[in-house]
Amino acid sequence: LACYKLASRWESGRVVLSGPWVSAAALPLAFGTFTLAIGWKWIMERMVGHPIPLRPSITVHFGSQMARYTPGKVGMPLVRMAGADRLGVPASVAGYSVLTESISIVAVGGVVGFSLLFATTGGAGGVLEAFGRLGVVGLLVFVVVGAVLVFVDRRRLPAIVMRLMKAEGLGPLVPRRGPVAHTVYWLTWAVHGYCAARAVGISSPHAIYGSGLYVLGPVAGILALATPSGIGVREAVMSMGLAPLVGPAPAVAAAIVSRAISIFIDCSMWAIGRLVLR
């Protein structure tokens, strides 16, 4: 269904794919996936109040990233809860860590993405239209809640929240280095976006503009809970934002290339994680 919608926006045009740029677009995502796993480890350690082992935590996180491709992303908390024993943490904390991590990721991603757009173009272009009013409002809510998780002591949070999560540590639920890791993660997506745009022949100035779209596209995909890994939603934001500048064919092609590379990296990092654990 997502491919059908993308094909309807293709119109006419010829796209030539560059192998070296495709390879270059994969490297930042691999580094970003590892950075995201480290950020989750830091969040988990803050939530439970003690260190957790590195290798099992990375493996569990890589597996949960693969589980994003289940409808509704329901596989993410299930994979983390299944691996909770190996990490020495309560299953409820591992499951709720999806929510805690996602709030920080979306909040930081929105700030980074729109900052890049305003820095490169002086405006948000057609991205606000792609998000819609409710999407922008939702993004602002995530920013506010994310700030609360980073700066407000958990003892000041509603008691029902702490009872459900069974978090045992002290201080805010998210350490300040958590959003730092997420900032690095989204910057790797920006570099990936530049390379993916260059891979389909988009000029360097337009590819730089597109780097912000490659942050906001995945953010929109996270907000679209029903779609597996945000498929269709992510590509819509990317292609609609780029199309007025480069034409529909290169814009859609860049979105497809990005999706193909991200699936390849998710599978590869999951396989590497399994080997590292063994």
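# Exercises on a predicted all-helix chain

Helix α1 (residues 2-8) has the lowest mean pLDDT among the elements of the protein chain, at 67, and helix α9 (residues 177-199) has the highest, at 94. pLDDT is the predictor's confidence in each residue, from 0 to 100. The model is predicted: local features need pLDDT of at least 70, side-chain atom pairs count only at pLDDT 80 or more, and totals for chains, interfaces and linings use all residues. Residues are numbered from 1 along each chain as its sequence is written, and side-chain values use heavy atoms, with hydrogens and water left out.

## Exercise 1: the overall picture

Task: state the confidence, the elements and the buried share of the protein chain.

Step 1. Mean pLDDT is 84, and 89% of the residues reach 70 or more.

Step 2. Count the elements: 12 helices and 0 strands. Helices (H or I, at least four residues) and strands (E, at least two) are DSSP runs, numbered from the N terminus.

Step 3. Of the 278 residues, 52% count as buried. Buried means under 20% relative accessible area, exposed over 50%, partly exposed in between (1.4 Å probe, protein chains only).

## Exercise 2: two sides of a helix

Task: sort residues of helix α4 (residues 75-82) by burial.

Step 1. Gly 75, Met 76 and Arg 80 are buried.

Step 2. These residues cover an arc of only 130° around the axis, so they sit on the same side of α4. The arc is taken from the directions from the helix axis to the C-beta atoms.

Step 3. Leu 78 and Ala 82, on the other side of α4, are exposed.

## Exercise 3: an aromatic pair

Task: describe the geometry and placement of the pair Trp 21 and Tyr 194.

Step 1. Apply the rule. Rings of Phe, Tyr and Trp (its six-membered ring) pair if their centres lie within 6.5 Å; planes under 30 degrees apart are stacked, over 60 edge-to-face, and the rest tilted. The count comes to 2 aromatic pairs.

Step 2. Trp 21 and Tyr 194 are edge-to-face, at 5.9 Å centre to centre with 75° between the planes.

Step 3. Trp 21 lies in helix α2 (residues 19-48) and Tyr 194 in helix α9, so the pair ties together parts 173 residues apart in sequence.

Step 4. Check exposure. Trp 21 is partly exposed at 28% relative accessible area. Tyr 194 is partly exposed at 22%.

## Exercise 4: salt bridges

Task: trace the salt bridges of Glu 45, then place the bridge of Arg 68.

Step 1. Set the cut-off: a side-chain nitrogen of Lys or Arg within 4 Å of a carboxyl oxygen of Asp or Glu. The whole structure has 6 salt bridges.

Step 2. Lys 41 meets Glu 45 at 2.5 Å, N to O. They are 4 residues apart in helix α2, so about one helical turn separates them. Both are buried.

Step 3. Arg 177 also meets Glu 45, at 3.9 Å, N to O. This pair links distant parts of the chain: Arg 177 in helix α9 and Glu 45 in helix α2, 132 residues apart. Arg 177 is partly exposed at 43% relative accessibility, whereas Glu 45 is buried at 14%.

Step 4. Arg 68 bridges to Asp 266, with the closest N and O atoms 2.3 Å apart. Arg 68 lies in the loop between α3 (54-66) and α4, and Asp 266 in helix α12 (residues 248-277), so the pair ties together parts 198 residues apart in sequence. Arg 68 and Asp 266 are buried.

Step 5. Join bridges that share partners: Lys 41, Glu 45 and Arg 177 form one network.
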